[in-house]
Amino acid sequence: MSATEICDLTIDELAKKIAARELSPVEVTEAHLARIDALNPAVNAFTTVAHERARAEAKAAEAEIAAGRLHGPLHGVPIGVKDIIDTAGVRTTQGSSFFRDNVPAQDAECVRRLREAGAVMIGKCNTAEFAAESATKNPHHGACRNPWDVSRVPAGSSGGSGAAVAARMAPGALGTDTGGSVRGPAAICGVVGLKPTYGRISLRGVYPNATSLDHVGPLTRTVRDCALLLQALAGYDPADPFSAEMEAPDFSADLEKGVGGMRFMISSDLLDVEIDAPILKAFEAALDALRGLGAEIEEAPCPFAGEINPHRRAIADAEFYRVHGERYHADPEGYGVRLQERIANAEKTTLAAYIDAVNRRKVIIRRMLDLMSPYDAMLSPGYPCLAAPVETTTALVNGKEMDFIGLGRNLTGIQSFLGFPGLMVPTGFDSAHGLPMAMQITTRPGDEARGFRIGHAYEEATPEWRERKPGL
């Protein structure tokens with residue numbers, strides 16, 4: 001196979017060819033390294049390419065497989081890692097000036113689990129500064145660009161991870177998500193992204209943003225691949241205070257069962273932002289596709305919807321300030337201008353507002369569980385607008401100019417606040433610009449497998465979205 005053909009393969013396809021000895025981990029890794037070297041100057045998806053470590057891990061994987069010790073579907077498969085996640089011996093900058101030359105001695109637990117599964121860590125993906133902004137216009141390491149149109153942003157803060165997967169620089173990548181930072185890039189870059197249940201994946205070795213909202217999540221080109229990555233990542237970590245003791249089922253077991261007889265809710269009350277017409281049209285078409293597969297869809301009012309985003313913001317700001325306040329007051333110029341503004345605003349959050357939000361969240365979680373109890377999942381548009389230009393980050397929503405940064409959290413912040421799983425799947429491209437659009441599938445805590453089942457059924461019914469790729 002040519003290098004381009006190798007890079008077009010999904011994780012599942014690569015796994016089968018590696019297991020059958022039709023491809024070697026070294027071939028696969030070299031193909032992706034070559035693609036990164038060729039395309040990264042235009043996209044800036046990677047801040048550090050781990051040529052040495054990737055080649056060493058690929059050779060080790062090849063030797064193990066030759067000796068009959070195949071670890072599973074990730075063995076020999078290259079994976080990108082967001083640059084706020086520690087990687088032993090490979091620079092981890094947190095997207096900041098303060099950690100520009102930081103080289104961790106140990107892998108984060110999520111990276112260790114990928115290594116245990118045989119995956120190859122191929123490089124560090126560009127992130128917004130301290131993962132704190134949703135366009136990935138990093139003031140210290142340069143703006144990441146959308147592979148579908150390099151004059152536009154890939155969203156953020158895991159923009160490099162989303163762009164790397166969309167551009168076929170890696171078949172999968174790790175991101176982090178505090179208010180939508182996995183799901184936003186997935187939506188804007190036309191890939192699949194999961195924010196799992198809170199505590200499902202260890203946060204040990206991941207730089208904090210807001211600790212009660214932080215999640216690690218995978219980005220891939222298919223739902224099946226996303227399930228395969230979660231399988232390797234999920235599991236209790238007793239050394240992580242935020243890790244949850246919950247069973248990790250076979251996340252791929254029900255992928256082919258379809259959605260016939262399932263009931264889904266949509267709630268206009270929870271769409272706390274104006275949504276661009278092409279995205280709503282694509283969402284309605286996705287709902288029609290699911291109805292055509294045998295699902296029922298109902299509108300469900302949410303009387304407590306107005307409480308969610310104010311309480312989410314109070315928690316996000318207070319916890320973010322706890323991480324950065326001391327450093328900011330010691331060296332404000334070490335931060336980019338937008339982050340200086342964010343920290344200064346976060347400092348205004350009162351202790352009373354934070355405690356009220358933490359306490360009220362417990363009630364809201366119970367009420368959301370009650371609201372969702374008759375349904376298999378909640379469906380919503382993935383992002384309110386298309387990718388904004390890099391130079392302005394001004395998005396057009398039904399002809400009106402809006403600031404792209406932070407806009408998506410009105411649709412993705414809910415799941416982070418509640419700790420519920422949110423799966424982002426592509427719903428096609430707008431006719432005017434050829435830019436990706438998406439749908440979000442929200443399930444109850446611990447039920448990522450149901451979200452995968454729904455997403456896979458929709459994906460199989462709309463194969464045209466997967467056949468398209470950026471013209472880089």
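Which side-chain oxygen reaches to within 3.1 Å of the backbone nitrogen of Asp225 at the start of helix 8? Select Asp225 and look at the start of the helix: the oxygen belongs to the side chain of Thr222. What you have open is a predicted model, and this tour starts from helix 8.

**Stop 1: helix 8**

Select residues 223-233, which form helix 8. Nine of the eleven residues in this helix are buried, so helix 8 is mostly covered. Colour the buried ones: Val223, Asp225, Cys226, Ala227, Leu228, Leu229, Leu230, Ala232 and Leu233. Asp225, the residue whose backbone nitrogen Thr222 approaches, is among these buried residues. Now step past the end of the helix to Gly235, which sits just after helix 8 and has a positive phi of about 145°.

**Stop 2: helix 8 against helix 14**

Keep helix 8 on screen and add residues 448-461, which are helix 14. The two axes come within 9 Å and cross at roughly 160°. Because angles over 145 degrees count as roughly antiparallel, helix 8 is roughly antiparallel to helix 14. The crossing of helix 8 past helix 14 is left-handed.

To see the contact, show side chains on both helices. On helix 8, pick Val223, Arg224, Cys226, Ala227 and Leu230; on helix 14, the residues they meet are Glu448, Phe452, Gly455, His456 and Glu459. Sorted by class, this contact holds five nonpolar, two polar and three charged residues. Among the helix 8 residues in the contact are Val223, Cys226, Ala227 and Leu230, and these are also on the list of buried residues.

**Stop 3: helix 10 against helix 12**

Next select residues 305-330 for helix 10 and residues 351-372 for helix 12. Their axes come within 9 Å and cross at roughly 135°. That angle makes helix 10 oblique to helix 12. Helix 10 passes helix 12 in a left-handed crossing.

From helix 10, show Glu307, Ile308, His311, Ala314, Ile315, Ala318 and Glu319. Their partners in helix 12 are Ala353, Tyr354, Ala357, Val358, Arg360, Arg361, Ile364, Arg367 and Met368. By class, the residues of this contact are ten nonpolar, one polar and five charged. As you turn the view, it helps to know that residues three or four places apart point the same way, because an α-helix has 3.6 residues a turn.

**Stop 4: Leu371**

Stay on helix 12 and select Leu371, which is found there. Is Leu371 buried or exposed? With a relative accessible area of 16%, Leu371 is buried, because under 20% counts as buried. Draw a distance from its C-alpha atom to that of Ala300: the separation is 7.9 Å, although the two residues are 71 apart along the chain. Leaving aside residues up to four places away in sequence, Leu371 touches Met265, Ala300, Pro301, Cys302 and Phe304.

**Stop 5: Glu57**

Move to helix 4, residues 51-66, and select Glu57. Glu57 is buried at a relative accessible area of 11%. Its side chain has a polar contact of 2.7 Å with the side chain of Arg53. Not counting residues up to four places away in sequence, Glu57 touches Arg115, Ala119, Val120 and Met121.

**Stop 6: the loop between strands 3 and 4**

Show strand 3 (120-125) and strand 4 (137-138), then the loop between them, where Ala131 lies. Thr136 is found in this loop as well. Most residues other than glycine have a negative phi. Ala131, however, has a positive phi near 55°, and the phi of Thr136 is positive too, near 60°. Ala131 is buried at 7% relative accessibility, and Thr136 is buried at 0%.

**Stop 7: a cis peptide bond**

Select Gly156 and Ser157. The peptide bond from Gly156 to Ser157 is cis, with omega near 10°. Most peptide bonds are trans. Ser157 lies in the loop between strand 5 (142-143) and helix 6 (159-166).

**Stop 8: helix 13**

Finish with residues 409-418, helix 13. Nine of its ten residues are buried, so helix 13 is largely enclosed by the rest of the structure. The buried residues are Asn410, Leu411, Thr412, Gly413, Ile414, Gln415, Ser416, Phe417 and Leu418. Gly419 follows helix 13 and has a positive phi, near 80°.

Methods
Residues numbered from 1 in each chain as written. Predicted model: local features only at pLDDT ≥ 70, side-chain atom pairs only at ≥ 80, totals over all residues. Heavy atoms only, no water. Helix = DSSP H or I, 4+ residues; strand = E, 2+ residues; numbered from the N terminus. Buried < 20%, exposed > 50% of the residue type's maximum accessible area, 1.4 Å probe, protein only. Polar contact = N/O pair within 3.5 Å; in protein donor to acceptor, adjacent residues only side chain to side chain. Contact = heavy atoms within 4.5 Å. Axes fitted to C-alpha atoms, helices over the stretch in contact; angles between N-to-C directions. Parallel < 35°, antiparallel > 145°, perpendicular 65-115°, else oblique. Left-handed = near helix turned anticlockwise from the far one by under 90°. Nonpolar A, V, L, I, M, F, W, Y, C, P; charged D, E, K, R; others polar.
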